[in-house]
Amino acid sequence: MPAPIRYVQDSAHFPDSAEVVVIGGGIAGAAALYELAKKGIRAVLLEKGLVGGEQSSRNWGWCRQQNRDERELPLIIYALRRWAELREETGEELGFRRTGLVYATRNPAEISAWDAWGQMAKAYGVRSDILSAAQAKAMTPGSTTDWLGGVSSPTDGHAEPSLAAPGLAMAAQRLGAQVFQQCAVRGLDIAAGRVSGVWTERGLIKTQSVICAGGAWTSMFCRRHGIPLPLGNVIGTAFRTAPIAQAITMPLYTPAFACRPQLDGSYTVSVSGRGRLEPGAQGLRYARQFYPTFRARRKNLTLRLGLNPFFRGPEALARWEFDRQSPFERTRILDPQADMAMVDEGMAAMRREFPALANLRMVQAWGGMIDSTPDAVPVISTVPALPGLVLSAGYSGHGFGIGPGAGRLAADLVMNDEPVVDPTPYRYARLVDGSGLNAPGMM
């Protein structure tokens, strides 16, 4: 596990019915639960492990508009507004700080891409400032590289992954929602062609409305009901340092590492854009859809082949009955192995770039499994073939910051309310019929 996540106390009485059941206690599921509770809906969140235990506590913690795919901009703009409101509204410390972000590079192609992105983003009211060499140096005091330039997004920020999903779940409980951990949903009860309940390891909960926000497990869950969902799972590595006098005071991207200062004076660090593939049956099933993205990003991916993903975890070949143990109970919390060579590389790069961090010490490293779509844009959508089901998944490594917006949109869709943003870019249909399945934008 990464830094200890905040513990959420389970609700007292397990229900036999609910207006809405939310499957998955990551940031998307917890935010959806909170927004449903605000609407006065009798909602229940079911988590097979711990709230925030998987990727929602293992990410960088960045809350950014900068360099997002244009299709995500309306949702992240709304999400940032919610991040700024939630601390006072919920009474919970989620760690959000609007500190700005800085990217610095010596690569002219990156600067050109950031400039083009900034011109596009102006239409959405997003501020993105291209930095000269001198400005990039001034915004990275103490760095050793003579940067060619960079970009600054002063209205972006960061939050604390160990606090955010648990804090939203607890805030939802105070509004009447219920939360149950160590309680896997084995599948959906279906009657007359629509959702009529969820089968859990503790029995049936009757409901006509379900939000499935199961992260890397979502495709396996859907497959049990004959619903194809092309998701590819990428394993990222990150690490946490011991607290140190902070030479870097805001989230920073460089070609060699990316980091975020934490509230206690430590850093969360990763090597920019890198990941590991360990494909199983799911990876092979959807290889064709993902091949263009794989080819474009091959240099940043390590491929590790083996049999284990075929038998255990979200990539596995699996069949199960609702009255017997499911794959979700066999792996309560996904905890992929960290790539220690990547950790060593990131530590060395950070010390080299900032001599003031010569005594920087790593205290913990971890892996996290990132659920991705072929176009790197999430699916937040109803499923026409199964009324009552809303999917919220495929956040492709940049879902934490968008979480409060994703939760609101999923809550709107499941209640058939006016959507907070146009849901068309996130529709399920594009993943199975190819309509509008464009190449990934900037990430």
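Reader: Hi! To get my bearings, how many helices and strands does the chain have?

Author: Hello! This is a predicted model, and its chain has 13 helices and 21 strands.

Reader: Thanks. What radius of gyration does the chain have, and what would a compact globule have?

Author: The chain has 21 Å, and a compact globule with 443 residues would have a value near 22 Å, which agrees. Along the principal axes, the C-alpha atoms fill a box of roughly 65 × 45 × 40 Å.

Reader: And what share of the residues is buried?

Author: Buried residues make up 58% of the 443 in the chain. As for contacts with a separation of 6 or more, 75% of them join residues 24 or more positions apart.

Reader: Switching to annotation: which residues does the UniProt domain cover?

Author: The unreviewed UniProt entry places "domain: FAD dependent oxidoreductase" on residues 20-413. Over that stretch the chain is 30% helix and 24% strand, with the end C-alpha atoms 12 Å apart.

Reader: Let's look at β1. Are the residues on its two faces buried or exposed?

Author: Buried, on both sides. Strand β1 (residues 20-23) has V20 and V22 on one side and V21 and I23 on the other, all of them buried. In general, side chains in a regular strand alternate between the two faces of the sheet.

Reader: Nice. Which strands pair with β1, and in what sense?

Author: Strand β2 (residues 43-46) pairs with β1 in the parallel sense over 4 bridges. Strand β12 (residues 210-212) is also a parallel partner of β1, over 3 bridges. I23 has a bridge partner in each: L46 in β2 and C212 in β12.

Reader: How does the chain cross from β1 to β2?

Author: The chain passes through helix α1 (residues 27-38), and this β-α-β crossover is right-handed.

Reader: New topic: which residues have the most contacts inside the largest nonpolar core?

Author: That core has 55 residues, and those with the most contacts inside it are V20, L33, L36, W83, L168, I211 and I380. Elements that each supply at least two of its residues include β1, α1, β2 and α5 (161-174). The largest share, 9 residues, comes from α1.

Reader: What is L168 in contact with, leaving aside neighbours within four places in sequence?

Author: L168 is in contact with I27, A30, A31, Y34, L86 and L94.

Reader: And which residues belong to the other core?

Author: Apart from the 55-residue core lies another of 38 residues, among them A184, V379, L389 and L391.

Definitions and conventions. Residues numbered from 1 in each chain as written. Predicted model: local features only at pLDDT ≥ 70, side-chain atom pairs only at ≥ 80, totals over all residues. Heavy atoms only, no water. UniProt positions renumbered as here; feature names shortened; annotations may be inferred. Buried < 20%, exposed > 50% of the residue type's maximum accessible area, 1.4 Å probe, protein only. Pairing = 2+ DSSP bridges. Right-handed = clockwise from strand over helix to strand, strands pointing away. Core = buried A, V, L, I, M, F, W, Y, C linked by side-chain atoms within 4.5 Å. Contact = heavy atoms within 4.5 Å. Rg over C-alpha atoms; globule rule 2.2 N^0.38 Å.
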